[in-house]
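Visitor: Please take a close look at one part of this structure and describe how its elements pack against each other. I would like the cut-offs stated along with the values.

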Amino acid sequence: MAAEDEDRPEPDDAPDSRSDAPTDASAERAPHDADDDDDAASNASAPSDVSREDEDEDNDDDDDDDDDDDTSDRAASPATHDPPRAGRLWMVGIVAAVLLALDLWTKQWAWDNLREGATTTVVDGWVYFEFGFNTGSAFSLLRDASWSRMLFIGITFLALIYMGYLARTLPTRFGSAFVAVAMVASGALGNLHDRFLRTMMIGGEERYGVVDFIKVYYWQNKPWPTFNVADVALVAGVLLLLLFLLRHGDVLDAEAKARAEAKARARA
């Protein structure tokens, strides 16, 4: 009986071993539960992250649409920082008036002081003031044609109408273009004045013509046809206008296209 008692397990040991087992199992399950909680939290946060990304993309798309709208609006309408057209028109009027006054004053001086054949030396051998009466166009072209006066009067009126159109439609940020318009207009008006009011007896016939008085030698004994201040303004204005068109012609084409598209949308 004593031996059997020795081999029999003690009563206190069994409960201890059983109590330890659940503890170990719960300890093993604890990391898994923590991992599950992390996965659930990450899964819960994932939709919110996706939704935020979608919102960001939507905002980006809205910004792109706004940018496109702004670009089209800027192309269709003049820039807000451009000078007012009224100021540019005043500039055209002032520049044209000053040049026209200078042209008419110098022609009157030549008429009063050089018509009898006097010559004034400006640069010896190169530049002289000498009276000339041109019944043709600038630089004495077509001076002997009887029909040249009416032809050039018609051309002058067309040029003035075109200069007025440019002054009303050119983008106001290009000041040089408006100076060119003023120069061309002043030159056209100066010579138009003489074609209506200046007359001289030529070959026993009273002829209308333009007073010229500037004589320039471009080579020894090689004079350029006599001209006046109006001719200088005309040539300089045309050259400046051509230079402007070469530099900014693409801008004018783009703005004209934008205006046409805006008008088409307005009609629709």
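Guide: What follows deals with the packing of three helices, then with two residues and a small sheet beside them.

The model is predicted, so local features need pLDDT of at least 70 and side-chain atom pairs count only at pLDDT 80 or more, while totals for chains, interfaces and linings use all residues. Residues are numbered from 1 along each chain as its sequence is written, and side-chain values use heavy atoms, with hydrogens and water left out.

The chain has six helices and six strands; these are DSSP runs numbered from the N terminus, with helices (H or I) of at least four residues and strands (E) of at least two. From the N terminus, the order of elements is α-α-α-β-β-α-α-β-β-β-β-α.

Start with helix α5 (residues 175-197) and helix α6 (residues 229-267), whose axes come within 7 Å and cross at roughly 150°. Axes here are lines fitted to C-alpha atoms, for helices over the stretch in contact, and angles run from 0 to 180 degrees between N-to-C directions. The two helices are therefore roughly antiparallel, a label for angles over 145 degrees; under 35 counts as roughly parallel, 65 to 115 as roughly perpendicular and the rest as oblique. The crossing of α5 past α6 is left-handed, that is, the near helix is turned anticlockwise from the far one by less than a right angle, whereas clockwise would be right-handed. Contact (heavy atoms within 4.5 Å) involves, among others, Ala180, Met183 and Gly187 of α5 and Ala233, Leu240 and Phe244 of α6. By class, the contact of α5 with α6 has 14 nonpolar, six polar and one charged residues. Nonpolar covers Ala, Val, Leu, Ile, Met, Phe, Trp, Tyr, Cys and Pro, charged covers Asp, Glu, Lys and Arg, and the others, Gly among them, are polar.

Helix α3 (residues 85-113) also meets α6: their axes come within 8 Å and cross at roughly 150°. Leu99, Leu102, Asp103, Thr106 and Lys107 of α3 face Val229, Ala230 and Ala233 of α6 in this contact. It divides into five nonpolar, one polar and two charged residues.

The axes of α3 and α5 come within 8 Å and cross at roughly 35°, and α3 passes α5 in a right-handed crossing. Residues in the contact include Met91, Val95, Leu99 and Asp103 from α3, and Phe178, Ala182, Ser186 and Gly190 from α5. Their classes are 13 nonpolar, five polar and five charged.

Asp103 lies in α3 and, at 1% relative accessibility, counts as buried; buried means under 20% relative accessible area, exposed over 50% and partly exposed in between, with a 1.4 Å probe and protein chains only. Beyond residues up to four places away in sequence, Asp103 touches Gly190, Asn228, Val229 and Ala230. Thr172, in the loop between α4 (148-169) and α5, is buried as well, with a relative accessible area of 6%. Outside its neighbours within four places in sequence, Thr172 contacts Asp82, Pro83, Pro84, Arg85, Arg88 and Phe178.

There is also an open, antiparallel sheet of four strands in the order β1-β2-β5-β6. Its edges are β1 (119-123) and β6 (222-223), each with a single partner strand, so one side of each lacks a neighbour in the sheet. Strand β5 (residues 210-219) is joined to β6 by two bridges; pairing requires that DSSP find at least two bridges between strands. Trp219 has Lys222 in β6 as its bridge partner.
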